[in-house]
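Colleague: Could you walk me through reading a ligand site and a domain contact? I'd like the general idea each time, then the case at hand.

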Amino acid sequence: MGVATEPRHFAAHGMLSPAVETLSRDELAALQLERLRQTLGNAWAHVPWQRQRLEAAGLHPEALQRLEDLQRLPFMVKGDLHEHYPFGLFARAPADLARLHASSGTTGKPTVVGYTRGDLERWAELMARSMAGAGVRPGDIVHNAYGYGLFTGGLGAHAGAERLGCVVVPVSGGGTERQVALLVDFGARVLCATPSYALAIAEVADSMGVNLRTSRLEVGLFGAEPWSAAMRQQIEARLGLVAYDVYGLSEIMGPGVACECECREGLHGWEDHFLFELIDPETGAPAPEGAAGELVITTLTKEALPMLRYRTRDITRLTRSRCACGRTHLRILRVAGRNDDMLIIRGVNVYPSQIEAVLVDRPQLAPHYRLVVRRAGALDTLAVEIEAQPGTDAATWPLLAREAQHHLKSMIGLSAEVAVQAPGTLPRSQGKAVRVHDLRHAAGDAAPAAKGMP
Ligand code: DLL
């Protein structure tokens with residue numbers, strides 16, 4: 001490829017291997033077919049449960065002719081991992097693993113995932129590729145505020161940054177005042193955190209009288225939870241950086257399954273390592289190109305835990321159209337939310353991030369909010385609690401609330417009761433924010449359904 005046609009990204013940074021990111025669609029499909037055969041072979045040979053399923057679907061690994069043949073195989077769901085807790089779906093003996101991670105779910109047992117040394121290598125590579133696409137460069141100081149531990153965010157971003165040749169500050173989540181001081185003193189160029197924690201850092205910086213907009217921060221890699229475009233603007237304005245969306249899930253790998261490039265028009269899903277499908281969540285049939293649907297992922301290079309047609313529950317859209325950056329890998333559009341997070345309020349289906357997008361756009365309201373769902377007779381009701389921006393006159397809050405209520409109704413047809421409250425009164429997150437407090441099935445004022453604590 002001549003210099004003139006080289007994608008902007010590679011021309012600018014000249015790093016990693018652009019070849020695999022710019023394979024033609026046909027070359028990618030051929031690579032996927034070869035790796036899918038290997039993955040099915042691995043599952044067939046080492047995971048009795050998978051072998052049974054493959055046999056029942058008439059899918060002999062060596063006989064696989066087309067990628068579409070995989071559609072004969074039933075989906076995998078999170079419950080399959082739980083049923084075989086902890087290691088029943090692993091294709092390697094525990095002694096042959098290099099690491100375990102786990103995420104706590106809404107119910108009962110954690111979801112446990114395992115990696116061989118090779119799996120960890122590939123994960124680091126993909127996270128490094130993701131970071132490079134977002135403009136992270138060797139030598140950058142990367143302040144990594146994703147939680148370290150069983151959550152994949154901390155160690156995943158850490159390994160990717162190291163692989164890229166960055167200087168990692170492994171600060172993890174929490175101790176926010178100290179984080180602000182370290183960000184300034186060490187001069188980090190890159191911040192990795194959940195979007196809600198990035199905002200919490202900005203807020204604490206303000207309260208300390210520290211202006212992070214004039215710090216060395218230039219790039220943010222945010223993910224692990226849904227966030228709206230309005231939230232992105234707030235984060236960028238308050239931290240003085242360009243914010244990129246990074247997606248992933250522990251069942252498939254961790255962060256770095258997909259990431260935005262400098263064009264920020266969707267997240268490139270790394271098709272040399274994953275096969276992406278989009279389905280109608282009701283019927284399981286393939287969703288038409290461009291339509292919203294549930295993301296289903298098959299791993300193509302995972303040794304320890306091959307996942308075949310895993311239903312992520314994440315609702316998004318896919319596009320295979322060419323991106324201006326030159327990468328050919330498909331793009332996942334912003335993940336609006338999880339199927340199981342969708343609220344149905346008086347017949348209106350809505351994701352928390354859609355509500356966020358409407359509210360956070362309003363200048364007098366802060367991006368700190370909580371949604372409380374209750375049942376009144378046969379109807380579900382929604383109460384939105386949101387903070388006013390610091391400095392707004394408390395006398396205006398009732399009017400702001402009425403306006404926001406009207407706005408929700410006119411923009412997304414949602415009837416909700418909105419209460420605007422004083423700045424700093426809602427809890428702040430250090431990892432994934434818990435936005436929805438579902439009191440429908442609770443006895444009295446029971447605890448909220450906390451999701452995937454880092
Ligand atoms: O959250 C991995 C991760 C860490 C991704 C750091 C990005 C950055 P889990 O804890 O297993 O893994 O949760 C996975 O989080 O199925 C989505 O519902 C949600 N999620 C992850 N990234 C995004 C994103 C990590 N960029 C679940 N936008 C996924 C929206 C996201 N939702």
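Modeller: Happy to! Start with who is near, meaning a heavy atom within 4 Å. The ligand has 20 residues around it, and Asp245, Val246, Ser250, Asp314 and Lys432 come nearest. This is a predicted model, where local features need pLDDT of at least 70, side-chain atom pairs count only at pLDDT 80 or more, and totals for chains, interfaces and linings use all residues. Residues are numbered from 1 along each chain as its sequence is written, and side-chain values use heavy atoms, leaving out hydrogens and water.

Colleague: Which polar side-chain atom lies 2.6 Å from an oxygen atom of the ligand?

Modeller: A polar contact is a pair of N or O atoms within 3.5 Å. Here that atom belongs to Asp314. Asp245 places a polar side-chain atom 2.7 Å from a ligand nitrogen, and a polar backbone atom of Glu225 is 3.3 Å from a nitrogen of the ligand.

Colleague: How much of the ligand does the protein bury?

Modeller: Accessible area comes from the Shrake-Rupley method with a 1.4 Å probe. The ligand exposes 610 Å² taken alone, and the protein buries 95% of that.

Colleague: And where do the domains lie along the chain?

Modeller: Bounds come from an automatic or database domain assignment. It gives domain 1 (1–337) and domain 2 (342–452). Contact means heavy atoms within 4.5 Å; 23 residues from domain 1 and 20 residues from domain 2 take part. The C-alpha centres of the two domains are 29 Å apart.

Note on methods:
A polar contact is a pair of N or O atoms within 3.5 Å; within protein, one must be able to donate a hydrogen and the other to accept it, and residues adjacent in sequence count only if both atoms are side-chain atoms.
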